[in-house]
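This briefing is meant to be read alongside the sequence and the 3D view. It moves from the chain as a whole to a handful of individual residues.

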Amino acid sequence: MRLLRFSVLYMALALSANVASADIEAASALREGDMKKLVFHTEAMEISDAAFIHEDGGEGTLQDYEGKYVLLNFWATWCPPCVKEMPELNELAREFKDQDFIVLAIATGRQGRETPDEFLKSRDLNDIQSYLDPKQKFLTALDIN
């Protein structure tokens, strides 16, 4: 859960255009363990207009969430670490749902037998919004390695 809270802290700081350098220094001092490689930016970054796919086939972009804090999570139904973290992400989404915060789960690549929505529903993970990036165009456009 600590990893998730650091992720939320990072997203909150990264998406805020008025973050003071002292705030970034304070947040940077919190990095430890798996979060040591977390990068903070002193200036707001441009948001990609690349699209991801809704389960109904429609498209969405990060601009659809303007004014909200977004925890962007790339995952796959066949990925054991992804599966393990989903209950905590769902809890985080539930805890902050009334505070302009969203966990946006982007399922990348080809999925297994279950679609992402079926996967989440069968595990009662109803507070995460899941979308698709089957050809990883969205992932590529964000230049995430």
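Helices (at least four residues) and strands (at least two) are taken here as DSSP runs, numbered from the N terminus. On that basis the chain, shown as a predicted model, contains five helices and five strands, and their order from the N terminus is α-α-β-β-β-α-β-α-β-α.

**Confidence of the prediction**

- The mean pLDDT of the chain is 78, and 77% of the residues reach a score of at least 70.
- Confidence is lowest in helix H1 (residues 2–15), where the mean is 52, and highest in strand E2 (residues 59–60), where the value is 92.

**The chain as a whole**

- Of the 145 residues in the chain, 39% are buried.
- The chain exposes about 9,200 Å², and carbon and sulfur atoms supply 49% of that area.
- Among contacts with a separation of 6 or more, 71% are between residues that lie 24 or more positions apart.

**Leu 104 in strand E4**

- Leu 104 belongs to strand E4 (residues 101–108), and because its relative accessible area is 0%, where buried means under 20%, the residue counts as buried.
- Leaving aside residues up to four places away in sequence, Leu 104 touches Phe 52, Leu 62, Tyr 65, Val 70, Leu 71, Leu 72, Asn 73, Gln 129 and Tyr 131.
- One of these partners, Gln 129, is 25 residues from Leu 104 along the chain, yet the C-alpha atoms of the two are separated by 5.3 Å.

**Asp 133 in strand E5**

- Asp 133 lies in strand E5 (residues 129–133), and it is buried yet has no salt bridge.
- The nearest side chain of opposite charge to Asp 133 is that of Lys 137, at 8.0 Å; a salt bridge would require a side-chain nitrogen of Lys or Arg within 4 Å of a carboxyl oxygen, so this pair does not qualify.
- The side chain of Asp 133 does reach the backbone nitrogen of Phe 138, at 3.0 Å.
- With residues up to four places away in sequence left out, the residues that Asp 133 touches are Ile 106, Ala 107, Thr 108, Gly 109, Phe 138 and Leu 139.

**The salt bridge and its surroundings**

- Side chains of opposite charge can pair when their charged atoms come close.
- The whole structure holds one salt bridge, in which the side chains of Arg 94 and Asp 127 meet at 3.0 Å, N to O.
- This pair links distant parts of the chain, since Arg 94 sits in helix H3 (residues 80–95) while Asp 127 sits in the loop between helix H4 (116–122) and E5, 33 residues apart.
- Arg 94 is partly exposed, with a relative accessible area of 41%, and Asp 127 is also partly exposed, with a value of 26%.
- Asn 90 is likewise placed in helix H3, but it counts as buried, at 1% relative accessibility.
- The side chain of Asn 90 reaches the backbone nitrogen of Asp 127 at 2.8 Å, and, not counting residues up to four places away in sequence, Asn 90 touches Asp 124, Leu 125, Asn 126, Asp 127 and Ile 128.

**Loop residues, including two with positive phi**

- Most residues other than glycine have a negative phi.
- Asp 100, although it is not a glycine, has a positive phi of about 55°; this residue is in the loop between H3 and E4 and counts as partly exposed, at 45% relative accessibility.
- Asp 124 also has a positive phi, near 55°, in a residue other than glycine; this residue is in the loop between H4 and E5 and counts as exposed, at 56% relative accessibility.
- Ala 76, in the loop between strand E3 (69–75) and H3, is by contrast buried, with a relative accessibility of 3%.
- Ala 76 and Ala 105 are 29 residues apart in sequence, and their C-alpha atoms are 9.4 Å apart in space.

Conventions
Residues are numbered from 1 along each chain as its sequence is written. This is a predicted model: local features need pLDDT of at least 70, side-chain atom pairs count only at pLDDT 80 or more; totals for chains, interfaces and linings use all residues. Side-chain values use heavy atoms; hydrogens and water are left out. Buried means under 20% relative accessible area, exposed over 50%, partly exposed in between (1.4 Å probe, protein chains only). Contact means heavy atoms within 4.5 Å. Accessible areas come from the Shrake-Rupley method with a 1.4 Å probe; for residues, only the protein chains shown count as cover. Lys and Arg count as positive and Asp and Glu as negative; His and the chain ends are not counted. A polar contact is a pair of N or O atoms within 3.5 Å; within protein, one must be able to donate a hydrogen and the other to accept it, and residues adjacent in sequence count only if both atoms are side-chain atoms. pLDDT is the predictor's confidence in each residue, from 0 to 100.
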